[in-house]
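Subject: Structure handover and notes

Dear colleague,

I am handing over the structure we spoke about, and the notes below it set out what was found. Please read them with the model open beside you.

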Amino acid sequence: EAVRYAKSLGLHTVAMPWDDFRVPLSFLERLYKAIVFEGGADAVAISDTSGNSLPWTTMMIIKRLREWIPGTPIHMHAHNEFGLATAAMLSAVAGGASFVHTAIKGLGSRGGNAATEEVGVGLELLLGVDTGLRLNQLYPTCQLVSEIAKTPIPRNKAIIGSNLFTYVAGLSVFMFEKARAAGRPFAYVPFLPEMVGKDGYEIVLGKLSGRTAVRLFLDEIGVELTDDQVARLTQIVKEEAIIRKSIISRQTFKQLVNRILEEDSHA
């Protein structure tokens, strides 16, 4: 009745019932057939309001909808209570959905909605779908929304978190530098930061750092040390990071370098 009324007013109508993934399939079939064939909806939106649908279930439901209401565009809407919203959108598209509902940074009620930046990059890189998004605007847009909404971006946030582009572990730094030296940094990383609008990578020193990172920092301050000194300095960096429970700042690194040089000058 609601769909028929909207159509009588000349509105393009997308019907989105609530909490579709917790009802019997038989009811879901009757509901969506009535919405389209009796109500005349232009499109439908399937809603995982509680965020509890597993990816293969989402894909199956989308395929069933395409069988029940062939030719009707399908939207996918999901919340993120179980951390599955992005997976739901990718699975829906794989199943044949034409539209996905997202929000920058996943903002939304309760657990939030599917994050635009996660779904957009996932569709482009993992499924090969041309979304039309300007991916290089994702990072600055998320920064702006974060400031306006007063919701900080977690460092480990997918796609836009600063940790995604920060390397500290010795093996990771070594591998990344080898790939970058060969002119193929993308051989080691999932995607380049510039693709989402962030300026480059950052290498930091911490308890997992190795000699490669230490040498990079030494090059930065223009100090040459012997292999033995680099090994000792690396160990000191690790110990200091453990004591401080944080990464080592450039100022602290310079102090540690001076400690090594002073020790050797008095030896």
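T234 counts as buried, because its relative accessibility is 5% and the cut-off for buried is under 20%. The residue lies in helix α9, and, when residues up to four places away in sequence are not counted, T234 touches S209, G210, R211 and V214. Please bear in mind throughout that this is a predicted model.

Helix α9, which covers residues 227-244, also holds D227, and a salt bridge takes shape there: D227 pairs with R215, with the closest N and O atoms 2.8 Å apart. Since D227 lies in α9 and R215 in helix α8 (residues 211-221), the pair ties together parts that are 12 residues apart in sequence. D227 is exposed, with a relative accessible area of 52%, whereas R215 counts as partly exposed at 34%. Salt bridges with shared partners also join E117, E118 and K157 into one network.

The count of salt bridges comes to 8, and two others among them deserve a description. In one, the side chains of R110 and E81 meet with an N to O distance of 2.6 Å. This pair links distant parts of the chain, 29 residues apart, with R110 in the loop between β4 (99-100) and α5 (116-126) and E81 in the loop between β3 and α4 (85-95). R110 counts as exposed at 56% relative accessibility, while E81 is partly exposed at 33%. In the other, the side chains of R22 and D19 meet at 2.9 Å, N to O; here R22 counts as exposed, at 53% relative accessibility, but D19 counts as buried, at 7%.

Turning to the strands, β2 and β3 run parallel and are joined by 5 bridges, and I46 stands opposite M76 in β3. Why can β3 be called largely enclosed by the rest of the structure? The reason is that 5 of the 5 residues of this strand, residues 74-78, are buried. In a regular strand the side chains alternate between the two faces of the sheet. In β3, I74, M76 and A78 point one way and H75 and H77 the other way, and all of these are buried.

Helix α4 can be read along similar lines: 8 of its 11 residues are buried, so the helix is largely enclosed by the rest of the structure. The buried residues are A85, T86, A88, M89, L90, S91, A92 and G95, and the buried residues of α4 pack against α3, β3, β4 and α5. Just after the helix, G96 takes a positive phi of about 120°, a value you may want to look at in the backbone.

The loop between β2 (43-48) and α3 (55-68) contains S53, which is buried, with a relative accessible area of 4%. The side chain of S53 makes a polar contact of 2.9 Å with the side chain of T58. Leaving aside neighbours within four places in sequence, S53 is in contact with F21, D48, T58 and L84.

A further buried residue is V204, found in the loop between β6 (202-203) and α8, where its relative accessibility is 8%. V204 and I248 are 44 residues apart in sequence, yet their C-alpha atoms are 7.3 Å apart in space.

Finally, there is a nonpolar patch on the surface, formed by Y5, L9 and L11, which together have about 340 Å² of accessible area. One of these residues, L9, sits in the loop between α1 (2-8) and β1 (14-15), and L9 counts as exposed because its relative accessibility is 51%, where the cut-off for exposed is over 50%.

With best wishes

Terms used
Residues numbered from 1 in each chain as written. Predicted model: local features only at pLDDT ≥ 70, side-chain atom pairs only at ≥ 80, totals over all residues. Heavy atoms only, no water. Helix = DSSP H or I, 4+ residues; strand = E, 2+ residues; numbered from the N terminus. Buried < 20%, exposed > 50% of the residue type's maximum accessible area, 1.4 Å probe, protein only. Polar contact = N/O pair within 3.5 Å; in protein donor to acceptor, adjacent residues only side chain to side chain. Contact = heavy atoms within 4.5 Å. Patch = residues over 30% accessible without salt bridge, like charges linked within 9 Å, V, L, I, M, F, W, Y side chains within 5 Å. Areas by Shrake-Rupley, 256 points an atom, 1.4 Å probe, with all protein chains shown as cover. Salt bridge = Lys/Arg side-chain N within 4 Å of Asp/Glu carboxyl O. Pairing = 2+ DSSP bridges.
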